[in-house]
Amino acid sequence: MTLAAPRAVDWSGPVALPMGGELDVQAACGLMHVHGRRFGRPTRLGLDYASIVAAELAATGAAAVELARARGVALRRATTSVAQAALLAVAQYLATATAERWPEPFLPGGPPFVSADGVPFELEAPDARVWRRFWAALGAAGRVVERGWRPFPHRYATATCPLPAELTALTSRTAIHVLENAARATGMSLVRVSSRVVGHLPPYRLASLGGAPPLPPPAGPLPLSGLVVLESCRRVQGPLAGHLLGLLGASVVRVEPPGGDPARGAPPLVGGCSARFLALNRGKEVRQADLSTVAGRRAVLELASGADVFLHDWAPGKAAAWSLRAKDVARVRPGVVHAHASGWGDELGPKPPLGTDFAVQAHAGVPPTLMTVVDVFGGLVAAHGVVAALLRRVRTGRGQSVETSLLSAASRLNARSRGRCTAPLRVPVCTDLAALARDPRFARALVRDGCAFPASPWEFT
């Protein structure tokens, strides 16, 4: 694959290994190891993912340099590497591997499921009750259904999903229309694996809001220094976008429900907080507000009145129901960049399936993996969209709304997946992320704070 901005992107970056191609990076930086958990052995991803992420990082960095110059910060260029892109992609897995050990072995297995008529599909359940109702409607034994629930939601953390063989055998004996009817009746999301590759959507859409005062002056050497991002997001895509904007210099204020985000308690823990959660949210200031109440929404608007970016990942219709649409926020903060990081955008109508990584992979025709490749890339695309919107705000003097989605990110992945790097493997294959974190050759690319995290993927000069 030919990388964008070749002078700003190399293979190894700060990693002291002589990597010369995508295969080297996937092997050395843990991508093959994590993707291969479902197969029981390190396995190359079905696309040159690290190179694609690096190209997006380079484009985002270049836009950030333009923004910095427009704000009077004398930056010349941003550099990154394919190795740093790969480490960003495995950040959550790296954090968990260097906190406490996962209490169970990473046994192989996982969807997609296949129907009796040969149709592959993915399932997504919002909670255990829906999971139980769906399988009960198909006649599965209760003990088998219970045994299958634990690995199913944990596949986001483990990148493998060893379901009981009885469940996959049951779907293989059932016609797809019966499975789809059962899903509709029980609240399960069922998405067929598409043979059509979605590759035509723009990564983000910008629209102008009202007039804007000048952005606050820079408060440091990074492109977004002096700017405030207010973030109301869960899972991976939105929090990662906020994290990347923080690495670009913004101060990020995170809105969580009373008592804190439940994801804080997901094991393994570091200092009483989930290692996976910290991989996406460390360093953010936290405020609590109950968005289901009028008082909570007023509190968020008050916070938004001091923010330059308002970033959320709410379900379709929530912003309107809560009176927190772009125009609502712009009334209290003229010039705001209002960013929505959704699952499907408006492509599947007002009531789409659950917009999660694996469902979007299936629909968009992304080469399947139980790594959260679309979530991670979606977070980067959302951050890129925000930087582009801030740059447009400076140039036009108008606030901006930004719409991006996991589906638009998957489309961009597919559009950039033409051809694969054929350079041979020259480095050892990582089989243990904890050992990678101890390897002195990776020291300059990582930071430690209770566990290991990737350092910023950008260097600005």
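# Cavities, rings and a covered helix

Trainee: Which helices each supply at least two residues of the lining of the largest cavity?

Mentor: Helix 4 (82–89), helix 5 (91–97), helix 11 (237–247) and helix 12 (275–281) each do that. Keep in mind that this is a predicted model.

Trainee: Okay, and how many cavities of 30 Å³ or more does a search of the whole structure find?

Mentor: The search finds 2. The largest one holds about 110 Å³ of space. It is lined by 16 residues, and L88, A91, L240, A279 and P454 are the closest to its centre.

Trainee: What classes of residue make up the lining of the largest cavity?

Mentor: There are 12 nonpolar residues in that lining, along with 3 polar and 1 charged.

Trainee: And what volume does the second largest cavity have?

Mentor: Its volume is about 30 Å³. Q84, A445, P454, A455, S456 and P457 line the second largest cavity. By class, that makes 4 nonpolar and 2 polar residues, with no charged ones. Look for P454 in both places: it is one of the residues closest to the centre of the largest cavity, and it also lines the second largest.

Trainee: Nice. New topic: how many aromatic pairs does the structure hold?

Mentor: It holds 10. One of them is F113 with F121, a stacked pair at 5.5 Å centre to centre, with 20° between the planes.

Trainee: Are F113 and F121 buried or exposed?

Mentor: F113 counts as buried because its relative accessibility is 2%, under the 20% cut-off. F121 is buried as well, with a relative accessible area of 0%. Another pair to find is W131 and W135, which is edge-to-face, with 5.6 Å between the centres and 65° between the planes.

Trainee: Why are W131 and W135 separated by about one helical turn?

Mentor: They are 4 residues apart in helix 6 (residues 128–137), so about one helical turn separates them. An α-helix has 3.6 residues a turn, so residues three or four places apart point the same way. Both W131 and W135 are buried.

Trainee: Which residues do ring pairs link into a cluster?

Mentor: The cluster is made of F113, F121, W131, F134, W135, W149 and F152. F152 has something else to show you: R155 lies over the face of its ring, 3.8 Å from the ring centre. Elsewhere, R37 lies over the face of F106, at 3.9 Å from the ring centre.

Trainee: Let's jump to L227. Where is its place?

Mentor: L227 is in the loop between strand 6 (204–211) and strand 7 (228–232). At 1% relative accessibility, L227 counts as buried.

Trainee: Leaving aside neighbours within four places in sequence, what is L227 in contact with?

Mentor: Its contacts are R71, L215, P216, A250, S251, D308 and L390. You can also locate L227 relative to H338: the two are 111 residues apart in sequence and 14 Å apart in space, C-alpha to C-alpha.

Trainee: Last one: how many residues of helix 18 are buried?

Mentor: Helix 18 (residues 406–415) is mostly covered, with 9 of its 10 residues buried. Those are L406, L407, S408, A409, A410, S411, R412, L413 and N414.

Trainee: What do the buried residues of helix 18 pack against?

Mentor: They pack against helix 3 (49–70), helix 11, helix 16 (357–364) and helix 17 (373–396), as well as strand 13 (337–342) and strand 14 (398–405). You met helix 11 at the start, where it supplied residues to the lining of the largest cavity.

How values were computed
Residues are numbered from 1 along each chain as its sequence is written. This is a predicted model: local features need pLDDT of at least 70, side-chain atom pairs count only at pLDDT 80 or more; totals for chains, interfaces and linings use all residues. Side-chain values use heavy atoms; hydrogens and water are left out. On a 1 Å grid over the protein atoms alone, a cavity is a set of points where a 1.4 Å probe fits but cannot get out, and a pocket is an open set with protein on both sides within 12 Å along at least five of seven lines; lining residues have an atom within 4 Å of a point. Grid points are joined across faces, edges and corners, and a volume is the space filled by probe spheres set on the points. Ala, Val, Leu, Ile, Met, Phe, Trp, Tyr, Cys and Pro count as nonpolar, Asp, Glu, Lys and Arg as charged, and the others, Gly among them, as polar. Buried means under 20% relative accessible area, exposed over 50%, partly exposed in between (1.4 Å probe, protein chains only). Contact means heavy atoms within 4.5 Å. Rings of Phe, Tyr and Trp (its six-membered ring) pair if their centres lie within 6.5 Å; planes under 30 degrees apart count as stacked, over 60 as edge-to-face and the rest as tilted. A charge sits over a ring if NZ of Lys or CZ of Arg is within 6 Å of the ring centre and within 35 degrees of the ring normal.
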